[in-house]
Amino acid sequence: MVEALHDAGVVVTGAGGGIGAALARRFAAEGARVVVNDLDAGRAKAVAEEIGGIAVEGDASAVVSDALEALNGVVDVYCANAGVAFGGDSLDEHAWAASWDVNVMAHVRAAHALLPGWLERGSGRFVSTVSAAGLLTMIGAAPYAVTKHGALAFAEYLSLTYRHRGIKVHAICPQGVRTDMLAATGSAGDLVLKPTAVEPEDVAEALFRGIEEDRFLILPHAEVAEYYQARAATPDRWLAGMNHLQQKWEEVR
């Protein structure tokens, strides 16, 4: 049990299923008061009823004010978990705009709304569900890979700017997770992600280990650390390996 989370006000976006629902359940098990946010009102309500939380439907970009009201004016932990994934590499303006808005700007807007109160109190915790695609990349999903890089960069900025003022930041970067989003990745996900996919509950447990150890980077797949190091140390070799994977995918799709 993480004592600091008992009775904490927690918001989890995209919590109607998958990683978000697993995070909501895990925080509730710690005794936190959890706002379950999702665009799908029915799914948000179902998870909230299961864990004794509060359902707040709607866009993750605009949930903070309603969440503050539901939690009596205090949000201690904000989990920016809602995300969208579009495949392809074409200039689909809708895919790029939606990816940027949900995967990056929703995080920025939430932080902008919460930071003044957190800085005044000298405490607050921002949890960003990024993806290993934000550390590495992903074949066949340009908008997703690029915006997840942006989400990681923003989480890093929050941490380096505010950690001395009591703000804790965690970036969760899993590879494949058995969710609806993974099921929608098609042949690229089948090739790259499904073989080592973990359960959403595994991601939640990895986050809580990271909270206990006060770690920024949360890696539910330990091997991602090795890939990240290889990418930094020998980028051309790493890119050649990824291109080989791309060619393999082109043969099977």
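Let's start at one side of the sheet: strand E2 (residues 33-38) and strand E3 run parallel to each other and pair over four bridges. If you want one contact to look for, find Asp38, whose bridge partner in E3 is Glu57. Keep in mind as you look around that this is a predicted model.

Now zoom out to the whole sheet. It is an open sheet of seven strands, in the order E3-E2-E1-E4-E5-E6-E7, with parallel pairing. Strand E3 (54-57) and strand E7 (217-218) are the edge strands, since each of them pairs on one side only. As background, strands of a sheet pair through backbone hydrogen bonds, and they can do so in a parallel or an antiparallel way.

Let's walk inward from E2. The next strand along is E1, and E1 and E2 pair in the parallel sense over four bridges. Val12 is a handy residue to follow here. Its bridge partner in E2 is Val36, and its bridge partner in E4 is Cys79. The E1 to E4 pairing is parallel as well, and it runs over three bridges between strand E1 (residues 9-12) and E4.

What covers E1, and are its residues buried or exposed? Both faces of this strand are covered: Gly9 and Val11 on one side are buried, and so are Val10 and Val12 on the other. E4 has a similar story to tell. Val77 and Cys79 sit on one side of E4, Tyr78 and Ala80 sit on the other, and all of them are buried.

One more step takes us to E5. E4 and E5 pair in the parallel sense over four bridges, and Val77 has Arg125 as its bridge partner in E5.

These two strands share something else, too. The model has two aromatic pairs, and Tyr78 and Phe126 make up a stacked one, with 5.8 Å from centre to centre and 25 degrees between the planes. Why does this pair tie together parts that are 48 residues apart in sequence? Because Tyr78 lies in strand E4 (residues 77-80), while Phe126 lies in strand E5 (residues 124-129). Both rings belong to buried residues. The cut-off for buried is under 20% relative accessible area, so Tyr78 counts as buried at 2%, and Phe126 is buried at 1%.

Tyr78 shows up again when we look for empty space. The model has one cavity of 30 Å³ or more, and about 30 Å³ of space lies in the largest cavity. Its lining is made of Thr13, Ala60, Tyr78, Ala80, Asn81, Ala82, Val102, Ala106 and His107. The elements that give two or more residues to this lining are E4 and helix H4 (93-121), and H4 gives the most, with three residues. Sorted by class, the lining has six nonpolar residues, three polar ones and no charged ones.

Val77, which we met in E4, helps line a different kind of space. The second largest pocket holds about 150 Å³, and among the residues lining this pocket are Ala4, Leu5, Asp76, Val77, Arg121 and Arg125. By class, the pocket's lining has four nonpolar, three polar and four charged residues.

Next, have a look at where arginines meet rings. The charged end of Arg26 sits over the ring of Phe208, 4.2 Å from its centre. Arg231 does something along those lines with Trp238, lying over its face at 5.5 Å from the ring centre.

Let's finish with the backbone in two loops. Most residues other than glycine have a negative phi. Asn72 goes the other way: its phi is positive, at about 60 degrees, although it is not a glycine. Where is Asn72? You'll find it in the loop between helix H3 (64-70) and E4. With a relative accessible area of 70%, Asn72 is exposed.

Asp214 also has a positive phi, near 55 degrees, and this residue is not a glycine either. Its place is in the loop between helix H9 (200-213) and E7, where Asp214 is partly exposed, with a relative accessible area of 46%.

Definitions and conventions
Residues are numbered from 1 along each chain as its sequence is written. This is a predicted model: local features need pLDDT of at least 70, side-chain atom pairs count only at pLDDT 80 or more; totals for chains, interfaces and linings use all residues. Side-chain values use heavy atoms; hydrogens and water are left out. Rings of Phe, Tyr and Trp (its six-membered ring) pair if their centres lie within 6.5 Å; planes under 30 degrees apart count as stacked, over 60 as edge-to-face and the rest as tilted. Buried means under 20% relative accessible area, exposed over 50%, partly exposed in between (1.4 Å probe, protein chains only). A charge sits over a ring if NZ of Lys or CZ of Arg is within 6 Å of the ring centre and within 35 degrees of the ring normal. On a 1 Å grid over the protein atoms alone, a cavity is a set of points where a 1.4 Å probe fits but cannot get out, and a pocket is an open set with protein on both sides within 12 Å along at least five of seven lines; lining residues have an atom within 4 Å of a point. Grid points are joined across faces, edges and corners, and a volume is the space filled by probe spheres set on the points. Ala, Val, Leu, Ile, Met, Phe, Trp, Tyr, Cys and Pro count as nonpolar, Asp, Glu, Lys and Arg as charged, and the others, Gly among them, as polar. Two strands pair if DSSP finds at least two bridges between them.
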